[in-house]
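Trainee: Got a minute to go through this model with me? I'd like to start with the charged side chains.

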Amino acid sequence: MPRDADHSRLPRPPGAAVDFGWPAEDGTALFDCQACGACCSYSADWPRFSTEDDAQLDRIPAELVAADQSGMRCEGGRCSALSGQVGRHTACGIYDLRPDVCRACMPGGDDCLMARAAHGLT
Ligand code: SF4
Ligand code: SF4
């Protein structure tokens, strides 16, 4: 499966709708990704392939990959691997196989906050 060779100009990555946000000063989680999923349902341009090797990409089910193989298949802005209802309960269906961009987004980061705001989550 070919990789997108021009990822340097792509928007910054989405996060993963599974992990909890990093701990706040009081030790509580900042955001619960499992009750969010906003970044996985924000833009079809976000869950793009970038630094993965071919072996990693080949493990992603073909039906979840975009026709041009540039990233995850999306319906509108929503990644096809996302299940559940954004803002209530969500999960990534390929969490262990998810693209690197998804691993790079940190709960509470700029991209996270932008995606959450787009879904009315504060
Ligand atoms: S692959 Fe998983 S973590 Fe990445 S955008 Fe899709 S649902 Fe979210
Ligand atoms: S937008 Fe933030 S809190 Fe929501 S799933 Fe993505 S990283 Fe987690």
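Trainee: Is Asp45 buried, partly exposed or exposed?

Mentor: Partly exposed, at 39% relative accessibility. Keep in mind that this is a predicted model.

Trainee: Which residue does Asp45 meet in a salt bridge?

Mentor: Arg48. The N to O distance between the two side chains is 3.6 Å.

Trainee: And Arg48, buried or exposed?

Mentor: Buried, with a relative accessible area of 16%. The cut-off for buried is under 20%, so Arg48 qualifies at 16%.

Trainee: How many salt bridges are there by this rule?

Mentor: Three. Another one links Arg73 and Glu75, with the closest N and O atoms 3.0 Å apart.

Trainee: How accessible are those two, Arg73 and Glu75?

Mentor: Arg73 is partly exposed, with a relative accessible area of 31%. Glu75 is exposed, at 53%.

Trainee: What does Asp100 pair with?

Mentor: Arg103. Their side chains meet in a salt bridge at 4.0 Å, N to O.

Trainee: How far apart are Asp100 and Arg103 in helix H2?

Mentor: Three residues. H2 covers residues 100–104, so that spacing puts about one helical turn between Asp100 and Arg103. Arg103 itself is partly exposed, with a relative accessible area of 34%.

Trainee: Staying with Asp100, what does it contact beyond its sequence neighbours?

Mentor: Leave aside anything within four places in sequence, and Asp100 is in contact with Ser50, Thr51, Glu52 and Gln56. There is also a C-alpha distance to note: Asp100 and Arg48 are 8.6 Å apart in space, and 52 residues apart along the chain.

Trainee: New topic, cysteines. How many disulfides do you count by this rule?

Mentor: Zero. Take Cys74: the nearest cysteine sulfur belongs to Cys79 and is 5.2 Å away. A disulfide needs sulfur atoms within 2.5 Å, so Cys74 is in none.

Trainee: Are Cys74 and Cys79 buried or exposed?

Mentor: Cys74 is buried, with a relative accessible area of 18%. Cys79 is buried too, at 9%.

Trainee: Which residues make up the largest nonpolar core?

Mentor: There are 11 in all, and Cys74 and Cys79 are among them. The others are Phe49, Leu57, Ile60, Leu64, Val65, Met72, Ala81, Cys92 and Ile94.

Trainee: What about a second core?

Mentor: It is separate and has eight residues, including Cys36, Cys40, Trp46 and Leu82.

Trainee: Cys36 again. Which residues are closest to ligand 2?

Mentor: Cys33, Cys36, Gly37, Cys39 and Cys112. In total, 10 residues surround ligand 2.

Trainee: What classes does that shell hold?

Mentor: Eight nonpolar, one polar and one charged.

Trainee: Where does Ala38 sit?

Mentor: In the segment before H1. Ala38 counts as buried, at 0% relative accessibility.

Trainee: What does Ala38 touch?

Mentor: Val86, Ala115, Arg116, His119 and Leu121, not counting residues up to four places away in sequence. The C-alpha atoms of Ala38 and Gly120 are separated by 9.3 Å, with their positions 82 residues apart along the chain.

Trainee: And where is Leu121?

Mentor: In the segment after helix H3, which spans 110–118. Apart from neighbours within four places in sequence, Leu121 is in contact with Cys36, Ala38, Gly87 and Arg116. The C-alpha atoms of Leu121 and Cys36 are 8.1 Å apart, although the two residues are 85 residues apart along the chain.

Trainee: What share of the chain's contacts joins residues at least 24 apart?

Mentor: 66%, among contacts between residues at least 6 apart in sequence.

Trainee: How many helices and strands are there?

Mentor: Three helices and four strands. Along the sequence the pattern reads α-β-β-β-β-α-α. Buried residues make up 44% of the 122 residues in the chain.

Trainee: Last one, backbone. What is the phi of Gln69?

Mentor: Positive, about 60°, although Gln69 is not a glycine. Most residues other than glycine have a negative phi.

Trainee: Where does Gln69 lie?

Mentor: In the loop between helix H1 (54–58) and strand E1 (74–75). Gln69 is partly exposed, with a relative accessible area of 31%.

Methods:
Residues are numbered from 1 along each chain as its sequence is written. Chains are lettered from A and ligands numbered from 1 in the order in which they are written. This is a predicted model: local features need pLDDT of at least 70, side-chain atom pairs count only at pLDDT 80 or more; totals for chains, interfaces and linings use all residues. Side-chain values use heavy atoms; hydrogens and water are left out. A residue is near a molecule or strand if one of its heavy atoms lies within 4 Å of it. Ala, Val, Leu, Ile, Met, Phe, Trp, Tyr, Cys and Pro count as nonpolar, Asp, Glu, Lys and Arg as charged, and the others, Gly among them, as polar. Buried means under 20% relative accessible area, exposed over 50%, partly exposed in between (1.4 Å probe, protein chains only). A nonpolar core is a set of buried Ala, Val, Leu, Ile, Met, Phe, Trp, Tyr and Cys residues joined through side-chain atoms within 4.5 Å. Helices (H or I, at least four residues) and strands (E, at least two) are DSSP runs, numbered from the N terminus. Contact means heavy atoms within 4.5 Å.
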